[in-house]
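Me: Please take a close look at one part of this model, the place where two helices cross. Then set that part in its surroundings, in a connected account for a reader who has not met this structure before.

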Amino acid sequence: MSSTFRYPVTVVIGRWQLPHLAHKALIEHAFAAGERVMIVIGSSFRSRNDKNPFREFERRAMLESMLTQAQRARVEFVFVRDYYDDRRWADVLREEVRARAAGQRVGLVGFKKDASGYYLDLFPDWAYEDAGSIQPLDATRLRDVYFGEGSLSSSIQVLEPYVDPGVLDYLRSWAALPEYEVRRAEHQAIKRYKAKYTGPYFLTADSVLQVNDHVLLIKRGGEMGHGQWALPGGFVDPGEQFYDAAVRELNEETRFAALPGVMRAALKSSAVFDHPDRSPRGRLITQAFHFRFSRDELPQVQGADDAKEAVWWPIEGLSEIEADLFEDHAVILDHFFGFR
């Protein structure tokens, strides 16, 4: 290791949605401290939503646009999923870095601006490298500008003082893709949703319906998550229990029906999913119910209500659509089937 570096390897962690100049300062510190730099891209391999509009390969491209040619020769990118389980997430990342670092000392570069930096304390075996005072920038507000109601040219003009020129060029080009208008429409839908539904939290219920080696999924209609695959489910009505809501929504969205006693006998387990960030719509708490049936043939289903389609998806093929599963439904399915 060169004497000019304090660590053979430095790690810097972020979601980078979207990368801005404070992110660049953090990465520059990692390059100054470490001979090799691993940039961790969180919330990878998941569907797009208002909080995560850019896929992991798009964020990598934006981050690379901020680097010099010399820095690109020293950087590695590490892609990590959301698990909504801090211990599991930290263990997965630690193992990935361990395999790449090959026993070398690791420095974790960070900036604890607020409580959101708690994840930096999950790696006591790495040396913490404080990046010091960094210009406070809020990626949420920058996304609000980029996907806002104003013209693209005005949005780019507002972003210019806070975003690296390479990233700005990428955002201009990305806006020419059809996905930009999809993200922009959903951004406005989320704002309307939050203005209408102002409660501190909302309750939903979902069905994980397994028949043999298939699970029942729907393709969403509506404004949010349009076209993404999801579990049948919806909001719990006043006076309704979670289980009853799950069964009702299952029937409404897929036309699947079974006698009450048969459904109860098929119920294998349930779990609550209440991570504060599981939905960009707000604090939605859901209980998911796993039903398992054994049938000679898959039952007939059809998309109904706000579901465009209803299909039986092979459980062993869920990894093929992980990036197209609505919100945290990959996490829910992984809980019951362990497919990730």
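Reply: A crossing of two helices is called left-handed if the near helix is turned anticlockwise from the far one by less than a right angle, and right-handed if clockwise. The model is predicted: local features need pLDDT of at least 70 and side-chain atom pairs pLDDT 80 or more, whereas totals for chains, interfaces and linings use all residues. Residues are numbered from 1 along each chain as its sequence is written, and side-chain values use heavy atoms, without hydrogens and water.

The crossing in question is that of α2 and α7, and it is right-handed. Helix α2 covers residues 56–65 and helix α7 covers residues 165–174; helices (H or I, at least four residues) and strands (E, at least two) are DSSP runs numbered from the N terminus. The two helices pack at an angle of about 145°, and their axes lie 7 Å apart. Axes are lines fitted to C-alpha atoms, for helices over the stretch in contact, with angles from 0 to 180 degrees between N-to-C directions. On the α2 side, the residues that meet α7 are Glu58, Ala61, Met62 and Ser65. They face Gly166, Val167, Tyr170, Leu171 and Trp174 in α7, where contact means heavy atoms within 4.5 Å. By class, this contact of α2 with α7 consists of 6 nonpolar, 2 polar and 1 charged residues. Here Ala, Val, Leu, Ile, Met, Phe, Trp, Tyr, Cys and Pro count as nonpolar, Asp, Glu, Lys and Arg as charged, and the others, including Gly, as polar.

The wider setting begins with the division of the chain. The protein chain is divided into domain 1, residues 7–182, and domain 2, residues 202–337; these bounds come from an automatic or database domain assignment. Taken over C-alpha atoms, the centres of domain 1 and domain 2 are separated by 32 Å. The contact draws 13 residues from domain 1 and 14 residues from domain 2.

An open sheet of 5 strands follows the order β3-β2-β1-β4-β5, with parallel pairing. At its edges stand β3 (75–79) and β5 (127–130), each with a single partner strand, so one side of each has no neighbour in the sheet. On average, neighbouring strands of this sheet are turned by 30° against each other, direction ignored. Two strands pair if DSSP finds at least two bridges between them; for β1 (residues 7–14) and β2 (residues 34–41), 7 bridges in the parallel sense do this. One of the residues in this pairing is Tyr7, whose bridge partner in β2 is Gly34. Helix α1 (residues 21–33) lies across β1, β2, β3, β4 (106–110) and β5, running at about 145° to β2.

Further along the chain is helix α8 (residues 178–196), which contains Arg184. Arg184 counts as buried at 18% relative accessibility; buried means under 20% relative accessible area, exposed over 50%, and partly exposed in between, with a 1.4 Å probe and protein chains only. Neighbours within four places in sequence aside, Arg184 is in contact with Phe147, Gly148, Glu149, Gly150 and Ser151. The C-alpha atoms of Arg184 and Tyr146 are 8.3 Å apart, although these positions lie 38 residues apart along the chain as a separation.

A further group of strands includes β6, β7 and β11. Strand β11 (residues 284–293) has 9 of its 10 residues buried, so it is largely enclosed by the rest of the structure. Strand β6 (residues 202–211) runs parallel to β11 and is joined to it by 10 bridges, with Phe202 partnered by Leu284 in β11. Strand β10 (residues 267–273) runs antiparallel to β11, with 6 bridges, and Val272 stands opposite Gln287. His290 belongs to β11 and is buried, at a relative accessible area of 5%. Beyond residues up to four places away in sequence, His290 touches several residues, among them Val208, Gln210, Phe336 and Phe337.

The strand β6 also forms a hairpin with β7, with 2 residues between them, and Asn212 in the turn has a positive phi of about 55°. These strands pair in the antiparallel sense over 2 bridges, and Val211 has His214 as its bridge partner in β7. In β7 (residues 214–220), 7 of its 7 residues are buried. The strand is covered on both faces, with His214, Leu216, Ile218 and Arg220 on one side and Val215, Leu217 and Lys219 on the other. β7 also pairs in the antiparallel sense with β12 (residues 307–314) over 7 bridges, where Lys219 stands opposite Glu309.
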